[in-house]
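This briefing walks through the strand arrangement, the helices that pack on it and the buried residues between them. Please keep the sequence and the model in view while reading.

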Amino acid sequence: MLSAAARSRVAVVLVGARNPANIGATARALHDFGFSDLRIANDFAPPLEAAQLEATTSAVSARHILASARRFDTLLEAIADCTFIAGTTAIGERELTQPVFPLQQAAPLILAALSTPVEETESSPRVGLLFGSEKTGLTNDHLSHCSLLTTIPLFSPEHERHLSMNLGQSVAVCLYELTRAGFEGARDLPAMHEAPATEQDRERLTALLLEVMQSTEYTRRYPHNAAPPFVRRLVQQLGRSHRECMTWMGILRQILFRAAGEPPQ
């Protein structure tokens, strides 16, 4: 369970991002998974400013993330308060000198860094997640600042240039992997309060289904599929709740009426 305090310590850093729509999509990903610290390491301001202006289209419900996002002239300034830094890479044709972990293996290491006890203040040490530009990704110099490198496993078709994900998609996948075990403030799934089927419900449904099989001569044609133990096992899948059993019994009764030439009841 990733606490709100732990999420507040994650800094998502976009290095050299140039597309305002991608910056907006990244902000939306942060908002959707409960994160808030977005940083842009760029030596020019227009992409962030443009993303803030276009927030209504690419950053639905995440204007506050863009409004509080910070721009830095250099990567070193953007990660100055980070004690652990995870860099993302599509690898491609790059020659790396550090091991690269699939995201599923890297996530527990990032979560372990977040679990290190710290005094909770606005200046608490951060854990940085670095994402490169849409065109070139992170350079080897960028990656040299990282505590670990991670990649999102992708399909690798033959005779094609290496694949990479859209920047906003990559951020969303990484944040999902960090929160996959759940997090404080996550939306509760709707609870189903249906009464479970009793054995009496299932036995009544079994008897009615056997009667339909007999009435429609299914039993004569396919005796191996009409044996009571087999039908009873089938009913285990059909009637998991009391309401499901009642519904199936209603349907089967209508079939019996039709088979007997009687009008539907």
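A residue counts as buried when its relative accessible area is under 20%, as exposed when that area is over 50%, and as partly exposed in between. The model described here is predicted, and T26, with a relative accessible area of 0%, is buried in it by that criterion. The points below begin with the sheet and then return to T26 and the residues around it.

**The sheet**

- Seven strands form an open sheet with parallel pairing, and their order is β3-β2-β1-β6-β4-β7-β5.
- The edges are taken by β3 (70-72) and β5 (100-102), each of which has a single partner strand, so one side of each is left without a neighbour in the sheet.
- From one strand to the next, the twist averages 30°.
- Strand β1 (residues 10-15) pairs in the parallel sense with strand β6 (residues 126-131) over five bridges, and within β6 it is G128 that serves as the bridge partner of A11.
- β1 also pairs with β2 in the parallel sense, over five bridges, and here A11 stands opposite D37 in β2.
- Between β1 and β2 the chain passes through α2, and this β-α-β crossover is right-handed.
- β2 and β3 run parallel and are joined by three bridges, with R39 standing opposite R70 in β3.

**The enclosed strand β2**

- Five of the five residues of β2 are buried, so this strand is largely enclosed by the rest of the structure.
- Its two faces are both covered, since D37, R39 and A41 on one side and L38 and I40 on the other are all buried.

**Helices lying across the strands**

- Helix α2 (residues 20-32) lies across β1 and β2 (37-41), and runs at about 155° to β2.
- Helix α7 (residues 103-114) lies across β1, β4 (82-88), β5, β6 and β7 (148-151), and runs at about 100° to β5.

**Nonpolar cores**

- In soluble globular proteins, nonpolar side chains tend to be buried together.
- The largest nonpolar core in this model has 36 residues, of which V12, L14, L38, V171 and L175 touch the most other members.
- At least two residues of this core come from each of β1, α2, β2, α5 (63-68), β4, α7, β6 and α9 (167-179), and the most come from α7, which gives six.
- A second core, separate from that one, has 15 residues, including A11, V15, F72 and A78.

**Contacts of L14 and T26**

- Once neighbours within four places in sequence are left aside, L14 is in contact with I23, T26, L38, R39, I40, A41, F131, L167 and V171.
- T26, which lies in helix α2, is in contact with V12, L14, L38, L167, G168 and V171 when its own neighbours within four places in sequence are left aside.
- L38, L167 and V171 therefore appear among the contacts of L14 as well as those of T26, with the cut-off for contact being heavy atoms within 4.5 Å.

**A21, a partly exposed residue of the same helix**

- A21 lies in helix α2, and because its relative accessibility is 35%, this residue counts as partly exposed.
- A21 and L167 are 146 residues apart in sequence, whereas in space they are 9.8 Å apart, C-alpha to C-alpha.

Terms used
Residues are numbered from 1 along each chain as its sequence is written. This is a predicted model: local features need pLDDT of at least 70, side-chain atom pairs count only at pLDDT 80 or more; totals for chains, interfaces and linings use all residues. Side-chain values use heavy atoms; hydrogens and water are left out. Two strands pair if DSSP finds at least two bridges between them. Helices (H or I, at least four residues) and strands (E, at least two) are DSSP runs, numbered from the N terminus. Axes are lines fitted to C-alpha atoms, for helices over the stretch in contact, and angles run from 0 to 180 degrees between N-to-C directions. A nonpolar core is a set of buried Ala, Val, Leu, Ile, Met, Phe, Trp, Tyr and Cys residues joined through side-chain atoms within 4.5 Å. Buried means under 20% relative accessible area, exposed over 50%, partly exposed in between (1.4 Å probe, protein chains only). A crossover is right-handed if, with the strands pointing away from the viewer, the path from the first strand over the helix to the second runs clockwise.
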